[in-house]
Amino acid sequence: MLNKYTRKLRKFLLGFSAIGVLTSCTTPVTPDFTEMSANYAGILEQYQLNSILINIIRASSERPLSFLDIPSINGSGNVTTSPSLNASLNGLIGGVAGGVTGINSISPSLSLSFGNSFNFSQSSLDNATFLRGFLSPIPVETAKFFISDNLPREVMFSLIIAAIEIKQPDGKSVKYINNPLLPEYPEFKAELYKLLSYGLTVDQVQEEATKPPMPPARSLPGGRTPNNPMPGGGYNPSFPGMGSPYGGMGSPYGGMGGFGGGSMYGQPYPHTQYKVCVDENKFANFVKQEFSPGIFCRASAESSNKKGSKAELILTMRSTHSVFEFLGQVVAAQNQAVPYLVTLPPSDSTRPRKAGQENQYALLVVNKNLGNTKSFASVKNLDGDIYSVPAENNGYSPMVIRIISQLLSLNKIPGSIPSSPGILLR
């Protein structure tokens, strides 16, 4: 009897086990690539936000800035299934020699485990290639990109302008420094808003430049010259390479390939460039009374170069590094003995935003050791203090961090990020 029941039980267990194995093999559970990549994207986003915020905090304490980048990442995922069957047997007859009279209970189970791992490298941006662009003044055309993106002009100019200087014809000048830690900062802010009301912007203007003069002709054997190598024909030394100032396609001297000769004297030719200027609006008459005509975006080349009896506007542009320094000053102003929050009320061209919120027009809001409030970004400083940008009532903070992130990306040119691997983290 023992053998009979034992054979039945073994047959039942083997059949169920086979079914369990077959089921586990066909279970439609695979590593979710979408979820893995989304998790990585979220982690990388928070990494970038925290990197920007910690460098702003470093700037507020006058500490050196340091940037790291993650140039590459490798990920892997796996799924493991383990089927099992638990049975309770009872009803022994005749002691050890007895047989199985029944199966009390059977509990099948299937365990599933899912795992993924990432390997990534961190590369330091503390090198000459990155710092050269990081410390250079922000190009005017870059500011144009942000203004054309419908960002508030008061925010953009507050970030990129380090100082406003009004220079009089007699050589005297008044300079307004954009630093909220200085007592004269309200004067800078008032001057900036006056210029914004005048129509301060960045525009693409067309100006005239002068062609460089043609080089003198040199004699060649046989009485020929580079400008006339053979009778009845014109020669231009730039013919093999287009783009030369003395001929070729795109040359200020004109000509397809350089045939047609040139001039010994410089000639004006139009070209476009970006310029910080003032659009004419209802305050144009006030602008004309105070400043030289060259301040207008549509000013003629003659009026732009003319030194009249009116004041000249000089704007000092920041570098990306000095933008961090400025934002560090904004944070330091919030944490000084008498806290001061930098706010930028909307100018005429700014649409209302975040109506009814606290700190509606604050440039950057950074809380210190505020507690367990929901944050947009949060970092722990070396001194143990926790600095965070709140998720709500934060004014222009997300916009400012996005702008400075894009300015940083513009400095990540080929050669600024070391080749992988740098430091391998697991």
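Tutor: Let's start with a working term: rings of Phe, Tyr and Trp pair if their centres lie within 6.5 Å, and planes over 60 degrees apart count as edge-to-face. Keep in mind that this is a predicted model.

Student: How many aromatic pairs does a search of the whole structure find?

Tutor: Happy to start there. The search covers the whole structure, and the number of aromatic pairs it finds is ten.

Student: What geometry do the rings of Tyr 185 and Tyr 340 adopt?

Tutor: Their ring centres are 6.3 Å apart. The planes meet at 80°, so the pair is edge-to-face.

Student: How many residues apart in sequence are the parts that Tyr 185 and Tyr 340 tie together?

Tutor: Tyr 185 belongs to helix H6 (residues 185-198). Tyr 340 sits in the loop between helix H9 (320-334) and strand E8 (367-368), so the parts tied together are separated in sequence by 155 residues.

Student: Is Tyr 340 buried or partly exposed?

Tutor: Its partner makes a good reference point: Tyr 185 has 1% relative accessibility and counts as buried. For Tyr 340 the relative accessible area is 30%. Since buried means under 20% and exposed over 50%, Tyr 340 is partly exposed.

Student: Which residues is Tyr 340 in contact with, leaving aside its neighbours within four places in sequence?

Tutor: Tyr 340 comes after H9, in the loop that leads to E8. Its C-alpha atom is separated by 8.4 Å from that of Val 330, ten residues away along the chain. Setting the sequence neighbours aside, the contacts of Tyr 340 are Pro 180, Tyr 185, Lys 189, Ala 333 and Gln 334.

Student: How many of the 15 residues of H9 are buried?

Tutor: First, a check on the helix itself: the expected span is 21 Å and the end C-alpha atoms are 22 Å apart, which agrees. Among the buried residues of H9 are Phe 324, Phe 326, Val 330 and Gln 334. H9 is largely enclosed by the rest of the structure, because the number of its residues that are buried is eleven.

Student: Which residues do ring pairs link into a cluster with Phe 324?

Tutor: Phe 324 is one of the buried residues of H9. Ring pairs place Phe 324 in a cluster with Phe 67, Phe 130 and Phe 134.

Student: Which backbone oxygens lie 2.8 Å and 2.9 Å from a polar atom of the side chain of Asn 178?

Tutor: Asn 178 is in the loop between strand E4 (173-177) and H6, and at 2% relative accessibility it counts as buried. Beyond its neighbours within four places in sequence, its contacts include Tyr 185, Phe 326 and Gln 329. At 2.8 Å from a polar side-chain atom of Asn 178 is the backbone oxygen of Ser 158, and at 2.9 Å is that of Ile 161.

Student: What is the geometry of the rings of Tyr 361 and Tyr 396, stacked or tilted?

Tutor: Tyr 361 is in the loop between H9 and E8, and Tyr 396 is in the loop between strand E10 (386-390) and helix H10 (397-410), so parts 35 residues apart in sequence are tied together. Both Tyr 361 and Tyr 396 are buried. With ring centres 6.2 Å apart and planes at 45°, the pair is tilted.

Student: In what order do the three strands of the open sheet stand?

Tutor: Two bridges join E8 to E10, and five bridges join strand E9 (residues 375-380) to E10. E8 and E9 each have a single partner strand, so they stand at the edges. The pairing is antiparallel, and the order is E8-E10-E9.

Student: Which residue in E10 stands opposite both Ser 378 and Asn 367?

Tutor: Take the two partners in turn. Ser 378 faces Ser 388 in E10. Asn 367 also stands opposite Ser 388.

Student: Which residue in the turn of the E9 and E10 hairpin has a positive phi?

Tutor: Five residues lie between E9 and E10 in this hairpin. The turn residue with a positive phi, about 95°, is Gly 384.

Student: Which residues form the one disulfide?

Tutor: The link is right-handed, with 95° about the S-S bond, and its sulfur atoms are 2.0 Å apart. One partner lies in strand E6 (residues 268-278) and the other in the loop between helix H7 (284-290) and helix H8 (301-304), so parts 20 residues apart in sequence are tied together. Both partners are buried; they are Cys 277 and Cys 297.

Terms used: Residues numbered from 1 in each chain as written. Predicted model: local features only at pLDDT ≥ 70, side-chain atom pairs only at ≥ 80, totals over all residues. Heavy atoms only, no water. Phe/Tyr/Trp six-rings, centres within 6.5 Å; stacked < 30°, edge-to-face > 60°. Helix = DSSP H or I, 4+ residues; strand = E, 2+ residues; numbered from the N terminus. Buried < 20%, exposed > 50% of the residue type's maximum accessible area, 1.4 Å probe, protein only. Pairing = 2+ DSSP bridges. Expected span 1.5 Å × (residues − 1). Polar contact = N/O pair within 3.5 Å; in protein donor to acceptor, adjacent residues only side chain to side chain. Contact = heavy atoms within 4.5 Å. Disulfide = S-S within 2.5 Å.
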